Each structure stands twice: as C-alpha cells, then as structure tokens.
Amino acid sequence: MLTIRRIVLLSLTMLLLAACATTPRFDASGIDLNVTPQQAASQVTTLLGSRQLWGGVIIASSNLKESTQLEILAYPLDSDQKPDTDKTPSGRFIALQQGYLETNSYSQGRLLTVSGVLQENHISHIGEAQYTYPTLLIEQLELWPDRGTPPETRFRFGLGVMLHN
C-alpha cells in the first residue's frame, strides 16, 4: 500500500512539474534558424517561399487596404523564442498580416516574434537611404508583454484579517 502511494505521489509531482515547464511557442521544424533578415534580403531568389522564424522590436505599424504591415528591427531569439535585445540587431524586415491588426497594440517598441513565408523583397527608405526589406507573410505571431509592464504572477498569496467592533 505504501508503494502505491509513493507511485501516485511521484506521478502527481511529475505531472505538476511538466505543467510548469515552458515550451517553444512556434514549431521550428523545417526552419533554418541561422538565416537572418539581412541574409534573406540578399538571397531572396534562393530562399523565396521558405519558412522563417524571426523576432524583434516593432519600429512602425500601419493598416493597409487588406493587411497590416509591421516594420521590425530584428534581434536573435532566445531559448523561449523571444527577441534578445541585448544582442546585436540583425537587420530589418517587414511582416504582413492578412486582415486587420490593432496598430495601437502593435505599436513602436513592442517585442514580437513571427513565423511566416518569405515573399519578394520590399524596397523603401530609412531616412534618405534606400533599404531592401525581406518580407514575411505571417503564419503565426506572438506579441510579447509590454517591457514597461511587470509580468503577471500566476500564483497569488494573501492574508485575511478580520476586525470586529
């Protein structure tokens, strides 16, 4: 009887630990995670149609007629697939979401990770300089919590005090 209790207790403990473990938010199978936006822009003919997983800081967002365009300064992703802004940026890219995104939510300075299919390059300007942007048609995106907002805790503890007259 004691052995069965131990097995049950051990099983419940393992289940609880597994539930607390974080897993990647994106399926990266079949994606070359070493391809940067700068490389994609220069090798668009060979990479066109490939799936990419990039992230970074939103520079600008705008609603177009049938999609929302996000201009992103790319950073390497950490083990949680979150942009690591302590590393050196790896270029800029355009992410296109079919349909409408609220640009107030996808505002300048927010962190974003996207997976999508590489499209033709988009040529625009940064100031007076011409810049070639690789463009991803978004399949999946993760808007990370605002960096100015402390993360919410999942557990809350409290102490109740009752006063009587």
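## Arg-92 and Glu-71

A salt bridge is a side-chain nitrogen of Lys or Arg within 4 Å of a carboxyl oxygen of Asp or Glu. Keep that in mind as you look at this predicted model. Arg-92 and Glu-71 make such a bridge, and their closest N and O atoms sit 2.9 Å apart. The two residues come from distant parts of the chain: Arg-92 belongs to strand β3 (residues 92-98) and Glu-71 to strand β2 (residues 67-75), with 21 residues separating them.

How buried or exposed is each partner? Arg-92 has a relative accessible area of 21%, so it is partly exposed. Glu-71, at 16%, is buried. The cut-off for buried is under 20%, which is why these two values get different labels.

## Other salt bridges

How many salt bridges does the structure hold? There are 4. One of them joins Glu-139 to Arg-51, and here the closest N and O atoms are 2.9 Å apart. This pair also ties together distant parts of the chain: Glu-139 lies in strand β5 (residues 129-143), Arg-51 lies in strand β1 (residues 51-63), and they are 88 residues apart. Both ends are partly exposed, with a relative accessible area of 47% for Glu-139 and 28% for Arg-51.

Another salt bridge pairs Lys-87 with Asp-84. In this case the closest N and O atoms are 3.9 Å apart, and that still counts because the limit is 4 Å. Lys-87 itself is partly exposed, at 48% relative accessible area. As a bit of background for these pairs, side chains of opposite charge can pair when their charged atoms come close.

## Strand β1 and its neighbours

Now back to β1, the strand that carries Arg-51. Which strands does β1 pair with? One is β2, which runs antiparallel to β1 and is joined to it by 8 bridges. If you want a spot to find on the model, try Gly-56, whose bridge partner in β2 is Ala-74. β1 and β2 also form a hairpin, with 3 residues between them.

Strand β4 (residues 111-126) is another partner of β1, again in the antiparallel sense, this time over 7 bridges. Look for Gln-52 here: its bridge partner in β4 is Gly-116.

## Putting it together

So what links these strands? Backbone pairing connects β1 to β2 and β1 to β4. Salt bridges add links between β2 and β3, through Glu-71 and Arg-92, and between β1 and β5, through Arg-51 and Glu-139.

Technical notes
Residues are numbered from 1 along each chain as its sequence is written. This is a predicted model: local features need pLDDT of at least 70, side-chain atom pairs count only at pLDDT 80 or more; totals for chains, interfaces and linings use all residues. Side-chain values use heavy atoms; hydrogens and water are left out. Helices (H or I, at least four residues) and strands (E, at least two) are DSSP runs, numbered from the N terminus. Buried means under 20% relative accessible area, exposed over 50%, partly exposed in between (1.4 Å probe, protein chains only). Two strands pair if DSSP finds at least two bridges between them.
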